[in-house]
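Let's take a walk through this structure together, from the strands out to the aromatic rings. Keep the viewer open as you read.

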Amino acid sequence: MEVNFREAGKITIIDLVGSIKTNEDYDVFKKSIDEAVSKGKTNVLLNFKNVNFINSSGIGRLILAAKRISEDNGNLKIAELSDDLKELFTFTRLDTKISIFEKEQDAIESF
Amino acid sequence: MNATTKGKVLIVDDEEDILRLLSRALSKSGFEALSTSSALEALVLIQDNPISLVITDIRMPGMDGLDLIKQMQEINPDIPIVVITGYGDFSTASSALGRGAFYFLNKPFNIKTVVDVVNKGMRLPSRAVATKKAIAHTSITMNFDIPMEMDVVAGVSYQVSRAACNLGYSKHCYSLCVPFIIDELLTKEISHGLERNFDGSAGMSVDMNSERIIIEFQSNEGIFTSESFPSPLEEINFEDEQLLGMMMVRHFSNELNFSEDGKLVKATIYNEP
């Protein structure tokens with residue numbers, strides 16, 4: 001997996017590219033969250049437009065990241081899930097734990 | 001289409017140099033080249049012209065190559081697509097292949113390679129017609145003897161997904177249901193084996209035809225009991241990744257059967273119309 005960072009005002013947008021299913025992917029993801037938090041950026045938006053797969057361990061890492069950012073009084077949100085991942089996030093009820101938006105702009109405005 | 005050309009190729013890239021280079025090379029090789037720096041304009045060209053193949057960059061301002069591929073699937077899913085990616089950008093290339101591209105070229109690319117790939121792409125549509133006819137008469141059996149290593153999971157999942165794709169399964173089946181089931185079952189068995197320093201392997205067999213896929217998984221220590229696969233209606237503890245994974249297996253299977261000793265689990269996925 002690859003990550004790219006963007007800023008939208010006080011919000012850090014992390015573009016995730018690829019899949020979240022191997023130990024290497026989990027490391028890359030964790031480091032991206034660590035990097036944001038270490039710079040005091042606690043409003044984080046994960047853009048999933050280019051993510052094609054995530055397994056249960058990847059979902060677990062998402063939850064941990066959301067928890068960590070929440071403990072720093074921040075917010076983690078998600079935008080632009082594919083239809084496949086939307087199905088996954090809905091039936092696991094992950095959408096009740098992390099705010100999910102169709103469009104990035106709507107997510108940005110919600111912070 | 002001009003009768004003297006080998007086909008019309010559309011090139012989409014925001015770099016003018018690339019457009020010029022590829023247009024010139026493809027014209028010299030007997031193709032009719034159209035070019036544009038805009039993915040939006042590319043969609044219009046595809047609708048208005050008999051395009052035989054598209055070469056597209058991925059990273060472009062505005063609509064990017066991945067979005068272009070997605071939109072193209074709505075207009076004409078039979079047009080072969082080649083993507084151009086940055087050097088070493090295999091994640092993006094993989095995403096593009098997953099969305100329907102049949103080849104990717106890393107920059108900087110060799111012009112001869114581009115022409116070879118275009119020639120190969122031109123043969124794909126006729127091959128697709130013949131393949132469709134053969135699918136109804138095809139069944140595939142795969143047997144795996146998987147070592148206790150997490151690194152092999154992605155490769156096994158890819159093999160089965162690819163076979164399902166070739167047999168005409170829906171994208172929902174081969175890109176979501178199949179890899180989830182295999183990834184979660186294998187990960188659970190291998191994790192269990194690693195914790196117990198098990199020095200063996202996990203057995204998995206796949207039997208598929210154009211109507212259904214049966215994935216049969218053997219657990220060395222009988223960990224696949226019905227209790228380990230919670231119903232989606234149950235409250236989920238997200239910190240229990242394994243339980244979450246097994247719930248996903250149940251959701252993505254049309255049928256799930258277990259042996260009483262927990263050593264065998266069989267997941268069946270039916271092809272969607």
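**Strands first, then rings**

Start in chain B, where strand β3 (residues 53–57) and β4(B) pair in the parallel sense over 4 bridges. If you want a residue to click on, take B:Val54, whose bridge partner in β4(B) is B:Ile81. Keep in mind throughout that this is a predicted model.

Those two strands belong to an open sheet of 5 strands in chain B, with the order β2-β1-β3-β4-β5 and parallel pairing. At the edges sit β2 (32–36) and β5 of chain B, each of them pairing on one side only. From one strand to the next, the twist averages 20°. As background, strands of a sheet pair through backbone hydrogen bonds, either parallel or antiparallel.

Now look at what lies across that sheet. Helix α5 (residues 111–122) of chain B covers β1 (8–12), β3, β4 and β5 of chain B, and runs at about 135° to β3(B). Then there's helix α4 (residues 90–99) of chain B, with buried residues B:Ser91, B:Thr92, B:Ala93, B:Ser95 and B:Ala96. What do the buried residues of α4(B) pack against? On the chain A side they meet β1 (2–8), β2 (11–20) and β3, and within chain B they meet α3 (65–75), β4 (81–85) and β5 (103–106). Just after α4(B) comes B:Gly100, which takes a positive phi of about 130°.

For the antiparallel case, jump along chain B to strand β9 (residues 255–258) and strand β10 (residues 264–270), which are joined by 4 bridges and run antiparallel. B:Leu256 has its bridge partner in β10(B), namely B:Ala267. The hairpin has 5 residues between the strands, and there B:Gly262 takes a positive phi near 75°.

Two other strands of chain B are worth a stop. B:Ile146 is found in strand β6 (residues 139–147) of chain B. Is B:Ile146 buried or exposed? Its relative accessible area is 2%, so B:Ile146 is buried. Leaving aside neighbours within four places in sequence, B:Ile146 is in contact with B:Val152, B:Val156, B:Leu186, B:Ile190, B:Ser201, B:Ala202 and B:Met204. One of these, B:Ala202, is 56 residues away along the chain, yet the C-alpha atoms of B:Ile146 and B:Ala202 are separated by 4.9 Å.

B:Ser205 has its place in strand β7 (residues 201–209) of chain B. With a relative accessible area of 17%, B:Ser205 is buried too, because the cut-off is under 20%. Not counting residues up to four places away in sequence, B:Ser205 touches B:Met142, B:Asn143, B:Ile214, B:Ile215 and B:Glu216.

On to the rings. Over all chains, the structure holds 6 aromatic pairs. In one of them, A:Phe48 and A:Phe89 have ring centres 5.9 Å apart and planes at 75°, so the pair is edge-to-face. A:Phe48 lies in strand β3 (residues 43–54) of chain A and A:Phe89 in helix α3 (residues 83–91) of chain A, so the pair ties together parts that are 41 residues apart in sequence. A:Phe48 counts as buried at 0% relative accessibility, and A:Phe89 does at 1%. Chain B offers another edge-to-face pair: the rings of B:Phe217 and B:Phe224 have centres 5.5 Å apart and planes at 85°. Both B:Phe217 and B:Phe224 are buried.

There is also one aromatic cluster formed by A:Phe53, A:Phe91, B:Phe180 and B:Phe252. The ring of A:Phe53 has the charged end of A:Lys21 sitting over it, 5.3 Å from its centre. Elsewhere, the charged end of A:Lys77 sits over the ring of A:Phe111, 4.7 Å from its centre.

Finally, step back to chain B as a whole. Chain B has 9 helices and 10 strands, and buried residues make up 47% of its 273 residues. Of the contacts in chain B with a separation of 6 or more, 65% come from residues 24 or more positions apart.

How far does the predictor trust this? Chain B averages a pLDDT of 85, and 92% of the residues score at least 70. Among the elements of chain B, β1(B) has the highest mean pLDDT (96), whereas helix α6 (residues 124–135) has the lowest (74). The model scores ipTM 0.79 and pTM 0.66. Where pLDDT is low, the predicted coordinates should not be read in detail.

Methods
Residues numbered from 1 in each chain as written. Chains lettered and ligands numbered in written order. Predicted model: local features only at pLDDT ≥ 70, side-chain atom pairs only at ≥ 80, totals over all residues. Heavy atoms only, no water. Phe/Tyr/Trp six-rings, centres within 6.5 Å; stacked < 30°, edge-to-face > 60°. Buried < 20%, exposed > 50% of the residue type's maximum accessible area, 1.4 Å probe, protein only. Lys NZ or Arg CZ within 6 Å of the ring centre and 35° of its normal. Pairing = 2+ DSSP bridges. Contact = heavy atoms within 4.5 Å. Axes fitted to C-alpha atoms, helices over the stretch in contact; angles between N-to-C directions. pLDDT = per-residue confidence, 0-100.
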